[in-house]
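Here is a short tour of the protein in front of you, written for someone who thinks at the bench. Have the structure open and follow along from one region to the next.

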Amino acid sequence: MSVPVEVPALGESITEAIVAEWVKKEGDFVEEDEILVELETDKITVSVPAPVSGVLMAHKAATDDTVNVGDVLAEIEPGEKPASANGDTANAAQASPGSPNNGAQAAAESGAGDGGALSPAVRRLIDEHAINPREIKGSGPGGRILKGDVLEFVEAKPDAPSQATRPPRPLVPVSSPAMVGDEPTERVKMSKLRQTVAKRLVEAQQTAAMLTTFNEIDMSAVMELRGRYKESFQKKYGVKLGFMSFFVKAAINALKEYPAVNSEIDGDSIVYKNYYHIGVAVGGPRGLVVPVIKHADRLGFAEVENEISRLATKVQENRITLPDLQGGTFTI
C-alpha cells in the first residue's frame, strides 16, 4: 500500500506554501528521510523528507503550485532498493580510483564539508552568485547552509561591487532592461515567495495600524557649512542655500546604495528605476502638493535650490501643472 507524502505543519499562522523545487523525480528510488521536495513560505524554506524507503510515484503538485498544510504532494510505494542499483553503485565506486567519479568528488557534489548537504534552492543561489560554500557559515541544524545564509552572505560580501556602481542584483535572476519613456529601468520577475511577501505587506497596510518612527540626527556640520557659504552662495546663484538641497543629495546617495527603495512592484515583477526623480512636499493655498525635481542626481546644489524655488512659486500662484507632479520615484 502506497504511503502519502503530505505538506507538513509550517509554523504558527502559516497555512500554505509554494512548491519551490522537486529534488527527486517520478520513479526514483528514495531512502527514508531523504529530501524529496523544497517548499517555500513567506517566512521559511521547508525540506520535505521521504516518510519511508521506496519508489516515488507521480508528483501531485508541480513547481510553483500553491499547496496547503496536509495536502498530498506525492506517494511512495514502499520496497527495497533494487539489486541492480546497488550493483551499479558498486561498479561506479570501483571504476577508476583516480577518476572524477571517486568518493571525494561525490562528497564534494553532495555538499559534504560545506555545511552539510545543500538543498537545490541553496545550491542554485550559490551557483548563480559564484560563491564557495565553504565561505558561508550555516545557521541550520548541524551547520547546514540555509537559503537565508546565502542571501545574507551575498549582501555582506566585502569584495562585491558597490550598489552605487552596478545595477541591482535580483534574488531571482530573470530580468530585462527596459525604458519608461526615456528613462532606464530594469524589470525583474519575482519568485512566488516574494510575490506572497508583497501581497501580505499590502494586506497589512490596508488592515493594520501603521507605525511611524522618528530618528534624530546631528545636523551641526550641515548647519556650519550652510552658515559659512549662504551669503556667497546667494550672491553667486541668486537663490538661498536651504536645507532641502542637502536632503535631496543625501536621499539620492541612499537610493543608489539601496536601489530596491527606488523601485516599484508591477504585477509579478519588480521594476528598478535607474533614474532619480525626487518629489518635494510644498505647502500651497489649496493644501500640500508634491512637485517633482526631474533627474535630481544630475543637478548641483544651486540647480536643486533653483528648481525647488521655481516649483514652489508655481504652487503659490496656482500655476502648478500635472506634469510637474508626475513621475516621482521617491518623495521627501
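## Helix α8 and its neighbours

Let's begin with a helix and what surrounds it. The buried residues of α8 pack against three other helices and three strands by name: α6 (220–237), α7 and α9 (322–325), along with β14 (282–284), β15 (287–289) and β16 (292–293). Those buried positions in α8 are Ala-302, Val-304, Glu-305, Glu-307, Ile-308, Leu-311, Lys-314 and Val-315. You will notice that the list includes Glu-305, Glu-307 and Lys-314 as well as Val-304 and Ile-308.

Helix α8 itself covers residues 301–316, which is 16 residues. From its first C-alpha to its last it reaches 22 Å, close to the 22 Å expected at 1.5 Å a residue. After α8 comes Asn-318, where phi is positive, near 55°.

## The whole protein

Please keep in mind that this is a predicted model. The protein has 332 residues, and 31% of them are buried. Its secondary structure comprises nine helices and 17 strands.

Among the contacts with a separation of 6 or more, 57% are between residues 24 or more positions apart. On the outside, the protein exposes about 19900 Å², with 54% of that supplied by carbon and sulfur atoms.

## A four-stranded sheet

Next, look for an open sheet of four strands, which run in the order β1-β8-β6-β3 with antiparallel pairing. Its edges are β1 (3–6) and β3 (29–30), each of which pairs on one side only.

At the β3 edge, the partner is β6 (residues 54–56), and the two strands pair in the antiparallel sense over two bridges. To find the spot on screen, pick Val-30, which stands opposite Gly-54 in β6.

## Asn-262, a residue in a loop

Is Asn-262 buried or exposed? Asn-262 counts as buried because its relative accessibility is 1%, and the cut-off for buried is under 20%. This residue sits in the loop between α7 (244–257) and β11 (263–266).

What does the side chain of Asn-262 make a polar contact with? The partner is the side chain of Thr-329, at 2.8 Å. Leaving aside residues up to four places away in sequence, Asn-262 touches Leu-255, Val-271, Tyr-272, Lys-273, Tyr-275, Tyr-276, Thr-329 and Phe-330. Thr-329 therefore appears both as a polar partner and in the list of residues that Asn-262 touches, where contact means heavy atoms within 4.5 Å.

Conventions
Residues numbered from 1 in each chain as written. Predicted model: local features only at pLDDT ≥ 70, side-chain atom pairs only at ≥ 80, totals over all residues. Heavy atoms only, no water. Pairing = 2+ DSSP bridges. Buried < 20%, exposed > 50% of the residue type's maximum accessible area, 1.4 Å probe, protein only. Polar contact = N/O pair within 3.5 Å; in protein donor to acceptor, adjacent residues only side chain to side chain. Areas by Shrake-Rupley, 256 points an atom, 1.4 Å probe, with all protein chains shown as cover. Expected span 1.5 Å × (residues − 1).
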